[in-house]
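I sat down with this model to note what holds its parts together. My entries follow in the order I looked things up.

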Amino acid sequence: MKDKKEKNKQTAREDVPEKAADAAAEKQAAEDGVIDRENMSDEEYIAALEEKVGQCVAETMSAKNTAMRLQADFDNYRKRNAALSEEMKALGKSMVIEKMLTVLDNCDLARKYITDESALTGFNMMERQILDALEAFGLKEIEAEGKDFDAAEMSAVEREKAEGQEGKVVAVLAKGYTLNGKVLRPASVKVGC
């Protein structure tokens, strides 16, 4: 009798985990939307399948739209960063070149005081190398002498009486430069009046 009671207790213990596992499986199936074919008529089963397919299509479309939005956001981010990178490169280049303009101004000033012809030749060659290097980065001198005054590229420092030269540049006091088409420093000029 004792053996029979022990056996019944053991069987009961084995059934508990199986029942719990079955209940958990049924709960998971309900959450996953698994359709129980055994307890449905054919019409109910088809309707349930159609509903499930509709839900899957809606979820797929939602995921596709989300993926497309994320891809567009990433493309915009990449483009913004590329544009910002180019802008920072241009800014860095312009800052260095602006500092070099002082060197070019000093070269113009020094040329007036060099009397030895061979020293002047070497000096001019050195200045030309500096200008060539800067021109490779997009620097260009603003041609102002004898041209009509242009406020976008020139800064009028003085006015000078000059017949027939009204509104024209009669002298360049400091050279002006553009960098890749944008005015880096306007030319300082005397304008005829």
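Which residue in S6 stands opposite Ala156? I found Val189 there. A reminder to myself before going on: this is a predicted model.

**Entry 1, the sheet.** I traced an open sheet of three strands, and its order reads S2-S6-S3, with mixed pairing. Strand S2 (154-160) and strand S3 (169-174) each have a single partner strand and stand at the edges, so one side of each has no neighbour in the sheet. I also looked up the twist: on average, neighbouring strands here are turned by 30° against each other, direction ignored. S2 and strand S6 (residues 187-192) run parallel, and I noted six bridges joining them.

**Entry 2, a lysine in the sheet.** Next I clicked on Lys190, which lies in strand S6. Is Lys190 buried or exposed? Its relative accessible area is 18%, and buried means under 20%, so Lys190 counts as buried. I then listed its contacts, leaving aside neighbours within four places in sequence: Glu158, Glu160, Lys168, Val169, Val170, Ala171 and Leu173. With one of these, Glu160, the Lys190 side chain meets in a salt bridge, at 3.3 Å from N to O. This pair links distant parts of the chain, with Glu160 in strand S2 and Lys190 in strand S6, 30 residues apart. Glu160 itself is partly exposed, at 32% relative accessibility.

**Entry 3, other salt bridges.** How many salt bridges does the count come to? I got 12. I picked out two that sit within helices.
- Glu86 and Lys89 meet through their side chains at 3.5 Å, N to O. Both lie in helix H2, three residues apart, or about one turn of the helix. Glu86 is partly exposed at 48%, whereas Lys89 is exposed at 52%.
- Asp132 and Arg128 form a salt bridge at 3.0 Å, N to O. I placed both in helix H3, four residues apart, again about one turn. Asp132 is partly exposed at 40%, and Arg128 is partly exposed at 37%.

I also wrote down a network of salt bridges that links Asp108, Arg111, Glu127, Glu141 and Lys175.

**Entry 4, the core.** Which residues make up the largest nonpolar core? I counted 10: Ile97, Leu101, Leu104, Ile130, Leu131, Leu134, Leu139, Tyr177, Leu179 and Leu184. Helix H2 (42-111), helix H3 (117-136) and strand S4 (177-179) are the elements that give two or more residues to this core. Another core lies apart from it, with six residues, among them Ala144, Val169, Ala187 and Val189. Back in the largest core, I checked Leu179: not counting residues up to four places away in sequence, Leu179 touches Ser94, Ile97, Phe137, Gly138, Leu139 and Leu184.

**Entry 5, aromatics.** I looked for ring pairs and came away with one aromatic pair in the structure. Phe74 and Tyr77 make the pair, with 6.3 Å centre to centre and 35° between the planes, and it is tilted. I placed Phe74 and Tyr77 in helix H2, three residues apart, about one turn of the helix. How accessible is each ring's residue? Phe74 comes out partly exposed at 47% relative accessibility, and Tyr77 is partly exposed at 44%.

Terms used. Residues numbered from 1 in each chain as written. Predicted model: local features only at pLDDT ≥ 70, side-chain atom pairs only at ≥ 80, totals over all residues. Heavy atoms only, no water. Core = buried A, V, L, I, M, F, W, Y, C linked by side-chain atoms within 4.5 Å. Buried < 20%, exposed > 50% of the residue type's maximum accessible area, 1.4 Å probe, protein only. Contact = heavy atoms within 4.5 Å. Pairing = 2+ DSSP bridges. Axes fitted to C-alpha atoms, helices over the stretch in contact; angles between N-to-C directions. Phe/Tyr/Trp six-rings, centres within 6.5 Å; stacked < 30°, edge-to-face > 60°. Salt bridge = Lys/Arg side-chain N within 4 Å of Asp/Glu carboxyl O.
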